[in-house]
Amino acid sequence: MTIYAQALIKTATLATALFVATAQPGLGETLKYKPISVKTPDGLTISAQEWGNPNGPEILFIHGFSQSYLSWMRQVDSDLAKEFHIVTYDLRGHGNSDKPLDPQRYKDSKAWGDEVQAVMDAAGFKHPVLVGWSYAGRVISDYVATHGANQLAGINFVDASIKADPALVGDNLKNLPLMASEDLVTNIAATRTFVHGSFSKQPTADDFETMLAFNMMVPPAVRGAMGGRPLDATENMSKLKIPVLVTHGSEDRNAKLGVAQYTASVIPGAKLSVYDGIGHAPFYEDAPRFNSELAAFVRMAAKTN
């Protein structure tokens with residue numbers, strides 16, 4: 001690991017710790033969770049957190065590219081935690097999870113799928129609903145390809161794709177190559193632009209600082225290694241027999257609305273929920289609606305299984 005990467009990770013870790021101690025209401029005044037010890041089959045330690053009602057229906061939140069479990073603070077610090085058994089985690093290369101710099105650790109579909117299963121097993125989950133934001137659409141596709149969907153109660157795709165289509169890529173993704181730069185000035189500038197571009201309704205200043213901090217915890221080499229992975233889960237997803245909710249912001253500049261429309265058209269019985277005037281992060285930009293719709297979906301999925 002470069003000296004730059006080591007210093008950056010230490011700095012961002014301190015920033016995240018400061019956030020936990022002094023969080024603003026937008027991302028939760030208190031963060032009370034139970035740490036979960038997770039080891040993947042390929043030997044990585046994954047940072048995971050357990051929240052909410054241990055006897056409630058299960059929800060596993062999976063964040064997007066260069067993000068963190070902290071992305072979900074408007075969910076874990078809400079009424080959802082009173083009713084549901086919630087688990088969050090940092091993907092490999094992100095947050096407080098292990099960050100190997102070997103590019104191959106981010107290319108293997110089975111490794112990504114096994115990571116999800118490892119978190120589920122460590123949490124004791126039996127039939128969770130997977131909620132996947134953005135890049136997590138790939139991760140969930142990896143899971144279904146590797147482990148099938150028999151253990152799942154349902155899936156909520158949140159501005160996430162199941163098939164890569166250049167025609168549906170938003171203009172904000174032009175920042176991704178620059179976010180893999182080892183030049184600190186270039187990297188920070190691109191990351192700032194990317195985070196802002198992921199929202200139509202912009203985060204508060206305090207929340208943006210927190211988001212920038214956990215985005216910068218991902219080493220440039222990891223960001224670069226995550227790019228270019230092929231994706232076409234159409235065949236597997238067309239065979240799903242579980243409830244699926246497809247959530248998407250109409251003003252998403254990362255993944256165009258056609259991404260969600262395609263997913264909903266492929267999966268039997270999938271419900272499409274479009275958020276007008278919302279960008280890439282409906283769970284933050286309109287948390288009340290998102291949480292209400294997710295709660296109703298999880299209740300329905302729990303009854304189905």
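Reader: Which residues is Leu60 in contact with, leaving aside its neighbours within four places in sequence?

Author: In this predicted model, Leu60 touches Val87, Tyr89, Val116, Val119, Met120, Phe125, Val129, Leu130 and Val131. Contact requires heavy atoms within 4.5 Å. Leu60 and Tyr89 also touch the most other members of the largest nonpolar core, which has 85 residues. In soluble globular proteins, nonpolar side chains tend to be buried together.

Reader: What makes β3 and β5 a pair of strands?

Author: Pairing calls for at least two bridges between two strands. Strand β3 (residues 58-62) and strand β5 (residues 129-133) have four bridges, in the parallel sense, so they meet that condition. Within this pairing, Phe61 has Val131 in β5 as its bridge partner.

Reader: What is the order of the strands in the open sheet, and why do β1 and β8 stand at the edges?

Author: The open sheet consists of eight strands in the order β1-β2-β4-β3-β5-β6-β7-β8, with mixed pairing. Both β1 (34-39) and β8 (271-275) have a single partner strand, so one side of each lacks a neighbour in the sheet. On average, neighbouring strands of the sheet are turned by 20° against each other, direction ignored.

Reader: Which helix packs on the sheet, touching β6, β7 and β8?

Author: That helix is α11 (residues 257-266), and its direction makes about 170° with that of β7. Angles over 145 degrees count as roughly antiparallel, so α11 and β7 are roughly antiparallel.

Reader: Why are α7 and α8 called oblique to each other?

Author: The axes of α7 (residues 184-197) and α8 (residues 205-215) come within 10 Å and cross at roughly 125°. The range 65 to 115 degrees counts as roughly perpendicular and angles over 145 as roughly antiparallel. The crossing angle falls in neither class, and α7 and α8 are therefore oblique. The contact involves Thr191, Arg192, Phe194, Val195 and His196 of α7, together with Phe208, Met211, Leu212 and Asn215 of α8. The crossing of α7 past α8 is right-handed.

Reader: How do you know that Ser66 is buried?

Author: A residue counts as buried under 20% relative accessible area. Ser66 has 0%, so it is buried. Ser66 lies in the loop between β3 and α2 (73-76).

Reader: What is the phi of Ser66, and what is that of Ser134?

Author: Most residues other than glycine have a negative phi. Ser66, although not a glycine, has a positive phi of about 65°. Ser134 is not a glycine either, and its phi is positive at about 60°. Ser134 is located in the loop between β5 and α5 (136-147).

How values were computed
Residues are numbered from 1 along each chain as its sequence is written. This is a predicted model: local features need pLDDT of at least 70, side-chain atom pairs count only at pLDDT 80 or more; totals for chains, interfaces and linings use all residues. Side-chain values use heavy atoms; hydrogens and water are left out. Helices (H or I, at least four residues) and strands (E, at least two) are DSSP runs, numbered from the N terminus. Axes are lines fitted to C-alpha atoms, for helices over the stretch in contact, and angles run from 0 to 180 degrees between N-to-C directions. A nonpolar core is a set of buried Ala, Val, Leu, Ile, Met, Phe, Trp, Tyr and Cys residues joined through side-chain atoms within 4.5 Å. Buried means under 20% relative accessible area, exposed over 50%, partly exposed in between (1.4 Å probe, protein chains only). Angles under 35 degrees count as roughly parallel, over 145 as roughly antiparallel, 65 to 115 as roughly perpendicular and the rest as oblique. A crossing is left-handed if the near helix is turned anticlockwise from the far one by less than a right angle, and right-handed if clockwise.
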